[in-house]
Amino acid sequence: MACFIVPAVEAVVVTATAIALKKREMKLEAPAHTAHSALEEKQKKYTWSRYLTWLAALLWGGVLLLAFEHVWHGEVVPWYPFLTAMSDPVDKAEMFREMATVGVSMAVMVTAVWGAVVAVVSTKVKKAAKTAAAKGE
């Protein structure tokens with residue numbers, strides 16, 4: 001019914017955080033704009049704002065797909081109260097239960113998968129830096 005609302009809220013927060021972090025990184029990067037090597041340039045590509053952008057993309061993709069599915073099944077309508085479950089108190093309780101179980105578990109799962117991807121990428125970037133340092137680049 002409304003399980004997509006929980007990941008949507010997380011997506012809004014993550015997107016806002018990524019934008020704010022990107023602005024902060026741009027301010028910090030502006031004075032020290034010159035990179036000394038290709039490796040430093042590559043390491044700059046993988047910033048936390050970029051990682052958060054990946055998470056936001058995953059969340060927004062899931063939210064859009066789920067919202068479309070709920071519109072398709074008539075659970076979301078273009079008139080007030082927008083969610084058909086909001087018109088009946090019994091359905092409201094079921095909707096909130098679904099948001100608390102399914103919505104939260106979807107958001108946690110997407111974030112966990114994103115965390116695993118970030119861990120792998122960070123490990124590979126650190127390994128490349130260590131290899132380059134050993135070679136003297």
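How many aromatic pairs does the structure hold? Hello everyone, let's start there: the structure holds six of them. Please keep in mind as we go that this is a predicted model.

Before we look at the rings, here is the overall layout. The chain has four helices and zero strands, and if you read along the sequence you get the pattern α-α-α-α. There are 137 residues in the chain, and 24% of them count as buried. Now think about contacts in the chain with a separation of 6 or more: 79% of those are between residues 24 or more positions apart.

Back to the six aromatic pairs. Take W48 and W114: their ring centres are 6.4 Å apart and their planes sit at 65 degrees, so this pair is edge-to-face, for which the planes must be over 60 degrees apart. This pair links distant parts of the chain, since W48 belongs to helix α3 and W114 to helix α4, with their positions 66 residues apart. Are these two buried or exposed? W48 is partly exposed, at a relative accessible area of 47%, whereas W114 is buried, at 12%.

Now compare that with F68 and W72. Their ring centres are 5.7 Å apart and the planes make an angle of 45 degrees, so we call this pair tilted. F68 and W72 both sit in helix α3, four residues apart, which is about one turn of the helix. Both F68 and W72 are exposed. And one more thing on rings: Y46, W48, Y51, W54 and W114 form one aromatic cluster.

Helix α3 keeps coming up, so let's walk along it. α3 covers residues 48-72, which makes 25 residues. From its first C-alpha to its last it reaches 36 Å, close to the 36 Å expected at 1.5 Å a residue. After α3 comes G74, with a positive phi, near 80 degrees.

Which residues of α3 are buried? They are S49, Y51, L52, L55, A56, L59, V63 and H70. Among the parts that cover them are α1, residues 5-29, and α4.

That brings us inside. In soluble globular proteins, nonpolar side chains tend to be buried together. Here, the largest nonpolar core has 12 residues in all: A11, V14, A18, Y51, L52, L55, A56, L59, W114, V118, V121 and V125. The elements giving two or more residues to this core are α1, α3 and α4, and α3 supplies the largest share, five residues. If you want one residue to click on, try L55. Not counting residues up to four places away in sequence, L55 touches E10, V14, V110, T111 and W114. Apart from this core lies another, of nine residues, including A2, V76, M95 and M99.

Let's turn to charge. Side chains of opposite charge can pair when their charged atoms come close. How many salt bridges does a search of the whole structure find? The search finds one. E94 and R97 are the partners, with their side chains meeting at 2.7 Å, N to O. Both lie in helix α4, three residues apart, about one turn of the helix. E94 is partly exposed, with a relative accessible area of 31%, and R97 also counts as partly exposed, at 45%.

Right beside R97 in the sequence you will find E98, which lies in helix α4, residues 89-135. Why does E98 have no salt bridge? The nearest side chain of opposite charge, R97, is 5.9 Å away, and a salt bridge needs the atoms within 4 Å, so E98 has none, although E98 is buried. As for its surroundings, leaving aside neighbours within four places in sequence, E98 is in contact with M1, A2, C3, H70 and G103. You may remember H70 from the buried residues of α3.

One last stop, K23. K23 lies in helix α1 and is exposed, with a relative accessible area of 58%. The C-alpha atoms of K23 and S49 are separated by 9.0 Å, while the two residues are 26 apart along the chain.

To recap: we saw four helices, a largest nonpolar core of 12 residues and one salt bridge. Thanks for listening!

Terms used:
Residues are numbered from 1 along each chain as its sequence is written. This is a predicted model: local features need pLDDT of at least 70, side-chain atom pairs count only at pLDDT 80 or more; totals for chains, interfaces and linings use all residues. Side-chain values use heavy atoms; hydrogens and water are left out. Buried means under 20% relative accessible area, exposed over 50%, partly exposed in between (1.4 Å probe, protein chains only). Lys and Arg count as positive and Asp and Glu as negative; His and the chain ends are not counted. Contact means heavy atoms within 4.5 Å. The expected span of a helix is 1.5 Å times one less than its number of residues. Rings of Phe, Tyr and Trp (its six-membered ring) pair if their centres lie within 6.5 Å; planes under 30 degrees apart count as stacked, over 60 as edge-to-face and the rest as tilted. A nonpolar core is a set of buried Ala, Val, Leu, Ile, Met, Phe, Trp, Tyr and Cys residues joined through side-chain atoms within 4.5 Å.
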